Amino acid sequence: MNIVNDLRQLLGEGAVLDAAEVSERASGIWDPTPQSALALVRPVSTEEVSRVMAYCHERGISVVTQGGLTGLVRGQIATANQLVLSLERMRVIEQIDPIQRVATVQAGVTLQALQEAVAPAGLLFPLDLGARGSATLGGNAATNAGGNRVIRYGMMRDMVLGLEVVLADGTIVDALHPLIKNNTGYDLKQWFVGSEGTLGVITRLQLRLREAPASHDVAMVAAPDFSAVTGLLRHMDRSLGGTLSAFEVMWPEFYALVTTPPAKNAPPLPPDLGFKVLVESLGGDREADNARFLAALEGALDEGLISDAVVAQTDRERSGLWAIRDDVEQVGRDGESAIFDVSLPITAMEVYIHRIRAGLEASLTTHQLFVFGHLGDGNLHVVVQVPRGQLASLRPIIEAHVYEPLIDCRGSVSAEHGIGLEKREWLPVSRNKAELALMRAMKSTLDPKGILNPGKIFEA
């Protein structure tokens, strides 16, 4: 059986890369390790995806689906005896309906491409994250991406109205329904959102659009302590009348890291003023919203919730403040870093970080702890940096200090990045036995041969 030749007959010469060609590709935009796979196929339509899956199902060939390779939990990693199915050539924006405010797209369309395509119609696709230029919408749905504006617009699953999916045996499920209200039995699309390619291959999506905001106000403020941070969140949300779209918090160590050389961003506020919070408001009336935003900040200052603030006046200044928060690459400049993506009740965060800090100080001789994240929706990114060459041996110790405290507060080991291979053994921290049994039952029903992304989320 010559699988590469068979697949080329199914899809054409240019659609299939053999193992040697696959090895010339990096495993991800954050991982330069060469890919390993039996072959890589690049279909251009749902029908071609169906043909590939039917072929693989008949022969028991495992398939790993790839989008923009921006994942951080190794969910896109294949082995030498697995086939990679890349959606990179399925990049057609099929329709933008400005009346229904729905976009119909192929799964390989990048997030940024859709954002730019809807802008001339005065519309907004509100999902936003740093990898917008590479991340694909199919991948965003498969991992239920979050990003910077969850507090206002929700996760990716809140923006998906309909999906087209190819099942493990090649069956095409057309669940493309451009309706916000569709209460007709099981919501099948949600089975696949967040499933990380283990239940089916997302090929097309119908996505909910919003009216583009007329106002955009951004400020970076200093809060003296964590109590002030939580008070500020409630104050701004209440004062801004529903327009609060982002509430990003940087612990002092992270802020110092991203505002000192060789980082390119200068500190807009002194590093010694406690927590830094990036606040964003999107509204419909530029003058009134700006006045409300400034009044809210003044009120926070009067209440002692903030000690200083920098308010952006131009698009360039707004981008500059966001660039500080988004300069995550700095966490790897002085060593190797383990990056974690957790969520937990806001009321538990201060004690949680204290427990991590105390545990690391007792276990590791040399390390740095950086914390930042989307605090407004309960999501923190925890980064532990150790000297180069030590991360592999220290990772189990670090993971235990980060994940085990989540048990007491019923937190999640993955807020927005998924499980993949990276977090599989820690999934029981956040899911009980009944939940895991139901997940496995769904997997066995939709993929009885276990060929779709095997070993991801839970053991094959």
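Here are a few exercises with worked solutions on the structure above.

The model is predicted, so to speak of local features a pLDDT of at least 70 is needed, side-chain atom pairs count only at pLDDT 80 or more, and totals for chains, interfaces and linings use all residues. Residues are numbered from 1 along each chain as its sequence is written, and side-chain values use heavy atoms, with hydrogens and water left out.

**Exercise 1.** Work out where serine 45 sits and what its side chain meets.

*Step 1.* Find the element. Serine 45 is in the loop between β2 (39-41) and α3 (46-59); helices (H or I, at least four residues) and strands (E, at least two) are DSSP runs, numbered from the N terminus.

*Step 2.* Check the burial. Serine 45 has a relative accessible area of 18% and is buried (under 20% is buried, over 50% exposed, in between partly exposed; 1.4 Å probe, protein chains only).

*Step 3.* Look at the partners. A polar atom of the serine 45 side chain lies 3.2 Å from the backbone nitrogen of glutamate 48. Leaving aside neighbours within four places in sequence, serine 45 is in contact with Met90 and Gln106 (contact means heavy atoms within 4.5 Å).

**Exercise 2.** Do the same for glutamate 88 and find its side-chain partner.

*Step 1.* Glutamate 88 lies in the loop between β4 (83-86) and β5. With a relative accessible area of 21%, glutamate 88 is partly exposed.

*Step 2.* Neighbours within four places in sequence left aside, glutamate 88 is in contact with Arg25 and Arg42. Its side chain makes a polar contact with that of arginine 42, at 3.4 Å. A polar contact is a pair of N or O atoms within 3.5 Å; within protein, one must be able to donate a hydrogen and the other to accept it, and residues adjacent in sequence count only if both atoms are side-chain atoms.

*Step 3.* Now compare chain and space: glutamate 88 and valine 41 are 47 residues apart along the chain, and their C-alpha atoms are separated by 9.7 Å.

**Exercise 3.** Which residues of helix α4 (residues 111-118) are buried, and how are they arranged?

*Step 1.* The buried ones are Leu111, Leu114, Gln115 and Val118.

*Step 2.* They sit on the same side of α4 because they cover an arc of only 100° around the axis (the arc is that of the directions from the helix axis to the C-beta atoms). An α-helix has 3.6 residues a turn, so residues three or four places apart point the same way.

*Step 3.* See what lies over them: the cover includes β5 (93-97), β6 (102-106), β7 (123-124), α5 (137-142) and β10 (201-208).

**Exercise 4.** What lines the largest cavity?

*Step 1.* The largest cavity has a volume of about 40 Å³. On a 1 Å grid over the protein atoms alone, a cavity is a set of points where a 1.4 Å probe fits but cannot get out, and lining residues have an atom within 4 Å of a point. Grid points are joined across faces, edges and corners, and a volume is the space filled by probe spheres set on the points.

*Step 2.* The lining is Leu163, Val165, Val173, Ala175, Leu188, Lys189 and Phe192. At least two residues each come from β8 (160-166), β9 (172-175) and α7.

**Exercise 5.** Place serine 337 and find its side-chain partner.

*Step 1.* Serine 337 is in strand β16 (residues 336-343).

*Step 2.* A polar atom of its side chain lies 2.5 Å from the backbone oxygen of valine 331.

Key:
1 Å grid on protein atoms, 1.4 Å probe; cavity = no way out; pocket = protein on both sides within 12 Å on 5 of 7 lines; lining within 4 Å.
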